[in-house]
Amino acid sequence: MRLKKFLKNEKGFIVVFLALSITFILGFAALVVDYGQLTNNRRLLQNAADAAALAAALELPADSSEAINDARNAAIEYAARNGVTNASSNVSVSHPSTSEVKVDIQQEVPLSFGGVLIGSNHKLMTASATAEKTSSSGSDFEYTLLSGSSSGTGITIYYGTGSKVVGDLHSNSNVSIQATTMVGQATAVGTNVMSYESFPLTAHAASVTMPDFDAFLASKDVVTLTHSEILSFAPSPWDIGYYMSGGKYVYGFWVEGIIDDILAAYPDKFVRIDGALELTNGSGHLPYGNLIVSGNVIFDGNYTGEGDPYPPDETCIISETGNITFNNAVGKVAGLFYAPKGVVTIHGTNTNMYGKIIANSIVCSNGIKIDGSYDIGSILGGGETKTYLVD
């Protein structure tokens, strides 16, 4: 009797408990569904904001009404492509700086059970993203002559007649110049600064950071030749000599034209030889193209150059860790000599260069005429433009 009475009294409670449990379960399930939808829509909306900001950044700098308008249009277009409805009203664009763009997006997203739980079938969500556009141009190579070493001779020009430097000259150590006309500024960090000309040469100047070699190569198409590939360019087996030193080959090109053929085989690329190189013969013009040698580069030929007023093509010679030495005449040449950890030495007379020389130290023992206003953008690559998210 007591059990029957107990069960009878508890029936109402069980019914209520079951009803509440079912309501709770259904409510929890609704929360899970709506939360999943909100999380997914938040991700999609953020992706849309990121895409819109990156697209808008391509139109920077925001230095004109046209650029600002183009950035806004790009943001709206890419937001719409990524699912934002009524993008022209729901997307706003601002510019924290001329190189930055911020995109804010608002969007109502549907809720499956929102009407029951919070009294609304939609929720207003927002997302924002900021993108920046940067450009690393060849501005690191602004100097006609730049010596990066903080000790040693720095830049030396002597024993020449009619030497002329067009553009700025800087040494992080010392400078010694004779018989040279300077069209630009000459500065040096060191105290041993000697100029035998009337132009001012400023000592105790601030140090200048050398161009970053890795950054320079980052945007370049570099081809490193194997030992067998180098030997394949020899007209005869004995025309290329070689031996090992310090675990790397030292090559000697005994006949003229080998390096020209190598560079011509890889147009618009930077051809790299992992070792050292000596060219014992050469005339006419220096080889056209872009040559990188990991060690020392020595030119023993007598070059005259060609072209009026400029050579028809450019020459870029780079030593990664060694020196670049011209034991005889360079003649007329346009381009870049770059030895970030070594010395560029030009012993020959009548050097007439259009371009720049960047090295730890620079020695022109028989004078030089060099015009740094010549555009070597094809070598420097004109820099690399990047757009990326910053917030």
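**Exercise 1. Identify the ring of Phe216 and its surroundings: which charged residue lies over its face, and at what distance from the ring centre?**

Step 1. The criterion for a charge over a ring is that NZ of Lys or CZ of Arg is within 6 Å of the ring centre and within 35 degrees of the ring normal.
Step 2. In this predicted model, Lys220 fulfils the criterion over Phe216, at 4.2 Å from the ring centre. Arg81 lies over the face of Tyr78, at 4.5 Å from the ring centre.
Step 3. Phe216 also belongs to a cluster linked by ring pairs, together with Phe141, Phe213, Phe270 and Tyr338.

Conventions for these exercises: residues are numbered from 1 along each chain as its sequence is written, and side-chain values use heavy atoms, with hydrogens and water left out. As the model is predicted, local features need pLDDT of at least 70 and side-chain atom pairs count only at pLDDT 80 or more, while totals for chains, interfaces and linings use all residues.

**Exercise 2. Classify the aromatic pair of Tyr242 and Tyr249.**

Step 1. Rings of Phe, Tyr and Trp (its six-membered ring) pair if their centres lie within 6.5 Å; planes under 30 degrees apart count as stacked, over 60 as edge-to-face and the rest as tilted. The count by this rule is 15 aromatic pairs.
Step 2. Tyr242 and Tyr249 have ring centres 5.6 Å apart and planes at 80°, so this pair is edge-to-face.
Step 3. Tyr242 also pairs with Tyr251; here the centres are 6.5 Å apart and the planes form an angle of 50°, a tilted arrangement.
Step 4. Accessibility completes the description (buried means under 20% relative accessible area, exposed over 50%, partly exposed in between, with a 1.4 Å probe and protein chains only). Tyr242 is partly exposed at 42% and Tyr249 is partly exposed at 25%, whereas Tyr251 is buried at 3%.

**Exercise 3. Determine how many disulfides the structure holds.**

Step 1. A disulfide is a covalent bond between the sulfur atoms of two cysteines. The search criterion is a pair of cysteine sulfur atoms within 2.5 Å.
Step 2. Over the whole structure, the search returns 0 disulfides.
Step 3. Cys316 is buried, at 0% relative accessibility, and Cys364 is likewise buried, at 0%.

**Exercise 4. Locate the residues of unusual backbone geometry.**

Step 1. Most residues other than glycine have a negative phi, and most peptide bonds are trans.
Step 2. Elements are DSSP runs numbered from the N terminus: helices (H or I) of at least four residues and strands (E) of at least two.
Step 3. Asn86, which is not a glycine, has a positive phi of about 50°; Asn86 sits in the loop between helix 2 (65–81) and helix 3 (87–90).
Step 4. Ala179 also has a positive phi of about 50° without being a glycine. Its loop runs between strand 8 (175–177) and strand 9, and Ala179 is partly exposed at 35% relative accessibility.
Step 5. Asp308 and Pro309 are joined by a cis peptide bond, with omega about 0°. Pro309 is placed in the loop between strand 19 (297–299) and strand 20 (315–319).

**Exercise 5. State where Gly184 lies and how far its C-alpha atom is from that of Asp168.**

Step 1. Gly184 occupies the loop between strand 9 (180–183) and strand 10 (186–188).
Step 2. With a relative accessible area of 42%, Gly184 is partly exposed.
Step 3. Gly184 and Asp168 are 16 residues apart along the chain, and their C-alpha atoms are separated by 4.8 Å.
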